[in-house]
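Welcome! Below are a few exercises to work through at your own pace, each followed by a solution in steps.

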Amino acid sequence: MKLLIGLGSCGIAAGGMKVRDAFTELSAQNPGIDLVIAETGCMGMCYKEPMVELIDDKGFGTVYGGVTPEIAKEIFEKHILGGVPAEEYVVAKSDGGGAEGSFISKQQRIVLSRCGKINPESIDEAIAMGAYKGLEKALKSMTPEEVIAEVLASGVKGRGGAGFPTGLKWKFAAAEKADQKYIICNADEGDPGAFMDRSVLEGDPHSVIEGLAIGGYAIGASEGYVYARAEYPIAIKRLQIAIKQAEERGLLGDNILGTGFSFHLHIKQGAGAFVCGEETALIASIEGQRGMPRMRPPYPANKGLFGKPSNINNVETLANIGWIIRNGAEKFAAIGTEKSKGTKVFALAGKIKRGGLVEIPIGLTIRDVVFGIGGGTVSGKPFKAVQLGGPSGGCIPAELVDTVIDYDTLNATGAIMGSGGMIVMDEDNCMVDIARYFLNFTQSESCGKCTFCKIGTKRMLEILERITKGEGVEGDIEKLEYLADQIRRNALCGLGQTAPNPVLTTLRYFRHEYEAHIRDKKCPAHQCKALIKYEIDPAKCIGCTACAKKCPVNAIEGKAKTAHSIDQAKCIKCGTCLSSCKFGAISVD
Amino acid sequence: MCNCCNKDSKYYEPFETILSGFRGVESELIPILQKLQEAYGYLPEDIIKRLSERTGIFVTQIMGVATFYSQFKLRPAGKHSVKICFGTACHVNGAETVAEALCDELGIKLGETTPDGLITLESVACLGCCSLAPVIMIDDEAFGRLTASKVRQIIRDLYEKEGKSK
Ligand SMILES: Cc1cc2nc3c(=O)[nH]c(=O)nc-3n(C[C@H](O)[C@H](O)[C@H](O)COP(=O)(O)O)c2cc1C
Ligand code: SF4
Ligand code: SF4
Ligand code: SF4
Ligand code: FES
Ligand code: FES
């Protein structure tokens with residue numbers, strides 16, 4: 001029997017290490033048993049971490065969620081020793097059963113096919129599940145032109161946000177004549193609330209290495225770089241191990257698989273700057289400079305890293321490549337919609353019941369993902385909107401829940417496919433506040449090179465801050481729209497050009513909320529503190545003192561068994577009292 | 001003790017070891033600074049000067065890079081690092097309320113260190129455990145599903161463990 005312990009970042013954060021130690025100890029106490037304990041990456045159901053999967057000798061897997069060292073003991077005794085699953089903790093089974101089966105059944109895994117199944121630090125397990133077969137096929141039986149034609153035919157588009165056809169990009173880079181070219185993997189993953197790329201690197205680093213090597217062969221690059229976000233220590237460590245193992249197997253380095261093709265891969269750690277996800281800034285950063293974008297053209301395909309032709313692809317894009325070459329473009333193109341092929345990985349988070357990493361065939365609807373896979377809102381309150389594409393993207397309101405997830409349909413809503421962040425919001429979330437949140441992010445990450453982005457976003461942010469503080473005035477909305485238009489048209493790079501999107505989409509679908517803040521000085525979602533007031537209804541209050549005990553600043557006064565009241569001067573509007581009153585005496589408006 | 005700079009010669013040992021692993025060219029500047037910060041906890045002024053002398057890269061250029069990237073610190077950090085996540089998932093789940101409680105409890109602002117040198121409070125974007133939002137990380141341990149009162153208790157527990165009063 002084999003026991004896989006989910007030790008992606010979230011598994012570790014949720015206490016996965018303690019669970020692993022518990023199982024290791026239990027196994028040591030029972031020397032006779034046939035049990036291999038191994039680590040794996042993200043299994044996808046982050047909301048059920050810590051998770052373990054027990055795979056029996058027939059290959060049947062049982063996934064347990066919410067495991068603690070105590071539950072580990074139970075699982076060990078019942079299932080591992082006794083052969084009977086500890087049903088109350090089972091979340092999924094190989095046959096689609098288990099309490100959370102519907103989280104998985106709508107998904108289709110290409111990029112994540114090995115994530116959560118293999119030990120990411122074992123190249124043998126990756127190879128046993130198909131890794132490097134695509135590389136071998138490309139090097140041994142295809143010309144670089146054939147590889148590019150195959151990638152073009154698959155229809156795969158860049159998963160980093162812009163959605164540019166990958167085959168086309170490779171074609172441009174391949175057409176350049178140069179003594180040296182580079183292929184670069186963009187693993188900067190800057191969207192604050194997205195973790196697709198990190199999970200792929202943590203769970204199956206070989207898929208990215210294989211994609212880079214195939215890409216290097218296709219465009220004629222013998223050197224590759226992975227530009228990884230510095231905040232991803234586990235991903236970087238596992239990638240380092242994977243590169244070393246691939247080199248030892250002759251799958252990287254000189255004369256790969258005896259074919260004469262050589263490819264060397266290096267890791268560069270970012271240092272915390274969102275703008276470095278932009279291609280020219282990323283190149284500047286690898287060169288050791290401040291990560292400031294520059295004018296294009298020249299495009300990186302002509303003049304990129306160290307002045308040489310370079311091709312930049314996102315982690316998820318590259319993780320598709322091995323699969324495409326191995327299984328053929330046709331099989332890939334059979335998945336998806338007419339214009340958008342394949343699958344897309346999303347980091348489903350926010351006010352969602354079942355948050356985690358999901359990979360879906362392109363063409364499902366937002367409803368399928370939010371309700372079918374995600375189980376709706378965690379609060380049970382009405383679903384209000386979903387935010388796609390992070391700081392460059394936008395909010396799609398509940399009435400558009402049947403929007404199909406593909407590049408063109410999403411663009412038409414004003415949002416974007418983005419790199420895969422999908423944040424669910426319920427009726428307690430204020431849309432003006434969300435716009436302010438993202439603008440605050442882009443404003444502080446603006447590199448400062450061009451005025452429209454640096455000063456323009458600052459002015460927009462100031463207006464949004466005023467509105468959320470109840471100091472909005474007539475004309476603010478129009479001013480926001482004017483600034484947004486100017487910034488979009490005049491900023492140098494994608495950061496500035498897309499920065500107004502969160503404001504524009506919320507204005508498009510939730511204009512009434514802006515107006516309520518400005519005209520009525522009310523926050524309909526009861527979130528903007530300056531605009532709300534907590535009050536106790538003396539007719540309903542029985543004086544149980546529960547709220548007074550919970551208030552962190554002692555703002556609630558009153559004798560036991562008599563009606564209490566809130567001292568508005570002291571109240572910091574934390575909302576603790578509201579949820580502590582069992583008699584419905586406290587209200588917010 | 002070295003007379004010219006009043007620093008123990010041991011102080012520069014990590015610097016020398018780190019530099020010996022590089023050629024000292026511009027494209028290595030970020031990795032060099034990352035290694036130096038790892039060794040010294042931050043980027044001390046004298047280390048930056050020495051790096052400039054050794055590599056010929058101007059101090060202004062080194063400072064330009066060190067101030068551009070948020071990873072680099074120019075001041076020493078506290079004994080424990082408390083990182084509060086301001087990623088989107090945490091934001092929609094009330095990170096701001098948690099942050100206010102945290103700042104109030106510690107009596108410092110984001111980015112500052114407590115006067116006793118015990119805690120440096122930083123904000124980060126997504127710690128990667130969004131399903132536990134809102135999240136803070138103390139050193140390497142994550143604490144999730146926080147509320148204002150839970151986070152106050154966590155800080156009080158930390159002070160108690162350190163045997164210090166606030
Ligand atoms: C401000 C900014 C940040 C970006 N951040 C990322 C990122 O974190 N990861 C990424 O893959 N692409 C990011 N991009 C997009 C890249 O510039 C580029 O389009 C992408 O890496 C190309 O790969 P793809 O064609 O495989 O998608 C960013 C773009 C901008 C303008
Ligand atoms: S748009 Fe913003 S981030 Fe991009 S170059 Fe201009 S100032 Fe820098
Ligand atoms: S909202 Fe918070 S601060 Fe205000 S009275 Fe209620 S518990 Fe106290
Ligand atoms: S918890 Fe409700 S009933 Fe009890 S004292 Fe507070 S307001 Fe009154
Ligand atoms: S990281 Fe653990 S299941 Fe996603
Ligand atoms: S947004 Fe806070 S952990 Fe991801």
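**Exercise 1.** How many residues does the contact take from chain B, and how many from chain A?

*Solution.* Keep in mind that you are looking at a predicted model.
Step 1: Begin with chain B, which gives 35 residues to the contact.
Step 2: Turn to chain A, which gives 50 residues.
Step 3: Now look at the area buried between chain B and chain A, which is about 3100 Å², with carbon and sulfur atoms giving 55% of it.
Step 4: Find B:F68, B:T88 and B:V92, which supply 20% of the area that chain B buries against chain A, more than any other three residues.

**Exercise 2.** Describe the polar and charged links between the two chains, and then the side of chain B that touches chain A.

*Solution.*
Step 1: Count the salt bridges: the rule finds 2 across the interface of chain B and chain A.
Step 2: Check a pair. A:K529 and B:E100 have their closest N and O atoms 3.2 Å apart. The cut-off is 4 Å between a side-chain nitrogen of Lys or Arg and a carboxyl oxygen of Asp or Glu, so this pair forms a salt bridge.
Step 3: Add the polar contacts, which come to 22 residue pairs between chain B and chain A, both residues being at pLDDT 80 or more.
Step 4: Locate the elements of chain B that give two or more residues to this side: helix 2 (29–40), helix 4 (59–68), helix 5 (88–92) and helix 6 (95–106).
Step 5: Sort the residues on this side of chain B by class, and you get 17 nonpolar, 13 polar and 5 charged.

**Exercise 3.** Where does A:S392 lie, and which residues is A:S392 in contact with, leaving aside its neighbours within four places in sequence?

*Solution.*
Step 1: Place A:S392 in the loop of chain A between strand 12 (383–388) and strand 13 (394–397).
Step 2: With those neighbours set aside, the contacts of A:S392 are A:I416, A:T498 and A:N501.
Step 3: Look at A:T498 again: its side chain and that of A:S392 are joined by a polar contact of 3.2 Å.

**Exercise 4.** How many residues surround ligand 2, and how do they divide by class?

*Solution.*
Step 1: Count the shell, which holds 13 residues.
Step 2: Pick out the closest, namely A:C447, A:K449, A:C450, A:C453 and A:C493.
Step 3: Divide the shell around ligand 2 into 9 nonpolar, 3 polar and 1 charged.

Definitions and conventions. Residues are numbered from 1 along each chain as its sequence is written. Chains are lettered from A and ligands numbered from 1 in the order in which they are written. This is a predicted model: local features need pLDDT of at least 70, side-chain atom pairs count only at pLDDT 80 or more; totals for chains, interfaces and linings use all residues. Side-chain values use heavy atoms; hydrogens and water are left out. Helices (H or I, at least four residues) and strands (E, at least two) are DSSP runs, numbered from the N terminus. A polar contact is a pair of N or O atoms within 3.5 Å; within protein, one must be able to donate a hydrogen and the other to accept it, and residues adjacent in sequence count only if both atoms are side-chain atoms. Contact means heavy atoms within 4.5 Å. A residue is near a molecule or strand if one of its heavy atoms lies within 4 Å of it. Ala, Val, Leu, Ile, Met, Phe, Trp, Tyr, Cys and Pro count as nonpolar, Asp, Glu, Lys and Arg as charged, and the others, Gly among them, as polar. Buried area is the accessible area (1.4 Å probe) that two parts lose on being put together, summed over both.
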